[in-house]
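Work through the exercises below with the model open. Each task is followed by its solution.

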Amino acid sequence: RQWPSREITERPIWCSVDLRDGDQALPKPMNPEQKQEYFQLLTKIGFREIEVGFPSAGRDDFEFTRALVEENLIPENVFIMVLTQCREHLIEKTFEAIRGVSRTIFHAYCATSDLHMRNVFGMTGAQTLEMVVRAIQQIRERADIMSESDIRLEFSPEEFTDTDPSFALEICEAVFETWGTATAEKPLILNLPATVERRTPDGYADLIEMFCANFPEREKTIVSLHAHNDQGMAVAAVELALRAGADRVEGTLFGHGERTGNVDLVTLALNLQFQGIETGLDFKNLPEIAETVERLTGMPVPARLPYAGELATTAFSGSHQDAIRKGMNQRAEDAWQVPYVHFDPREIGRTFE
């Protein structure tokens with residue numbers, strides 16, 4: 001175990017899954033017009049990888065993906081990502097959705113925990129592995145036909161944290177070998193989800209460190225994190241897993257997602273920013289971002305959510321107010337050191353007043 005002595009020194013690759021994982025969990029999912037506005041918001045913030053939907057699962061996601069491609073709405077420096085299960089007809093439908101795209105990440109997933117394989121698939125590990133390999137072969141063949149498009153592969157062993165670690169390695173190695181074209185310049189993305197948060201953050205970091213140390217083609221892969229917040233520790237889990245060697249983070253603005261949500265990318269990115277890391281994401285107008293997301297999703301931003309909440313920098317206690325006032329009166333102009341207020345509100349578009 002090496003990660004406890006490491007620090008995060010550079011930003012991860014950010015991937016927003018608001019338009020898929022976040023949207024599917026809304027009581028009233030967004031329509032294509034709302035998703036286009038949300039997509040534009042994400043690109044403005046600085047996201048360069050955006051999962052836009054599950055095109056084979058419904059007409060709205062399919063048509064939204066087609067509109068992005070046909071109407072040339074994807075900035076040149078942005079990869080859209082599309083999700084599918086490892087099933088033949090769903091893979092074919094997904095390729096129909098991205099026909100003509102300039103660049104995309106094709107995200108295939110399959111649950112790999114013993115519980116899921118046994119109770120949901122009715123399959124053994126060997127049978128699940130065979131199914132995944134067939135799916136990757138199909139994706140490889142279809143990607144070769146679309147040679148004019150830059151198609152990257154992402155594979156998720158869903159329920160990674162509930163999967164036998166040796167089996168997770170085995171199935172990811174099989175995906176790497178079957179895909180066959182991963183290089184340091186065009187790496188394979190291996191996304192290792194805490195689909196349901198059952199472990200403590202250090203437990204997630206241990207699994208990530210073990211995977212990174214034992215995967216044989218590490219320099220040709222990107223190890224990605226996808227944490228859910230069932231125990232309220234997703235941000236901590238991701239921060240520790242980045243110390244443990246991961247390269248990339250999937251999440252949503254304000255933590256929207258199934259059950260208790262995905263990791264909150266706003267909190268995570270601003271934590272890193274105020275630790276001195278240049279994140280590449282711009283939250284200088286955070287109140288406006290929050291208002292836009294509330295309007296498009298119908299989901300309120302909680303008043304005490306870190307950074308974005310209306311009361312995140314408000315003090316009600318008299319002793320707190322007194323200490324803040326004294327801190328403000330003695331504060332140096334070139335530094336923010338104020339009791340009870342751990343960052344300069346102006347950095348996120350708020351005022352101290």
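The radius of gyration is taken over C-alpha atoms, and the globule rule is 2.2 Å times the number of residues to the power 0.38. This is a predicted model: local features need pLDDT of at least 70, side-chain atom pairs count only at pLDDT 80 or more, and totals for chains, interfaces and linings use all residues. Residues are numbered from 1 along each chain as its sequence is written, and side-chain values use heavy atoms, with hydrogens and water left out.

**Exercise 1. Overall form**

Task: Compare the radius of gyration of the protein with that of a compact globule.

Solution:
- Take the 353 residues; the rule then puts a compact globule near 20 Å.
- The protein has 21 Å, which agrees.
- Along the principal axes, the C-alpha atoms fill a box of roughly 65 × 50 × 40 Å.
- Buried means under 20% relative accessible area, exposed over 50%, partly exposed in between (1.4 Å probe, protein chains only). Of the 353 residues, 54% count as buried.
- Contact means heavy atoms within 4.5 Å. Among contacts with a separation of 6 or more, 73% join residues 24 or more positions apart.

**Exercise 2. Helix α2**

Task: Find what the buried residues of α2 pack against.

Solution:
- Helices (H or I, at least four residues) and strands (E, at least two) are DSSP runs, numbered from the N terminus. The protein has 12 helices and 8 strands.
- Helix α2 covers residues 32–45, 14 in number.
- The expected span is 1.5 Å times one less than the number of residues. Helix α2 reaches 20 Å from its first C-alpha to its last, close to the 20 Å expected.
- Its buried residues include Tyr38, Phe39, Leu41 and Leu42.
- The buried residues of α2 pack against β1 (13–16), α1 (18–24), β2, α3, β3 (79–85) and α11 (286–297).

**Exercise 3. Two loop residues**

Task: Is phenylalanine 47 buried or exposed? Which residues does serine 56 touch?

Solution:
- Phenylalanine 47 lies in the loop between α2 and β2.
- Its relative accessibility is 0%, so phenylalanine 47 counts as buried.
- Leaving out residues up to four places away in sequence, phenylalanine 47 touches Trp14, Cys15, Ser16, Leu42, Val78, Leu253, Leu265 and Leu281.
- Valine 78 is 31 residues from phenylalanine 47 along the chain, yet their C-alpha atoms are separated by 7.6 Å.
- Serine 56 sits in the loop between β2 (49–53) and α3 (59–70).
- Serine 56 counts as buried because its relative accessibility is 17%.
- With residues up to four places away not counted, serine 56 touches Thr84, Leu90, Lys93 and Thr94.
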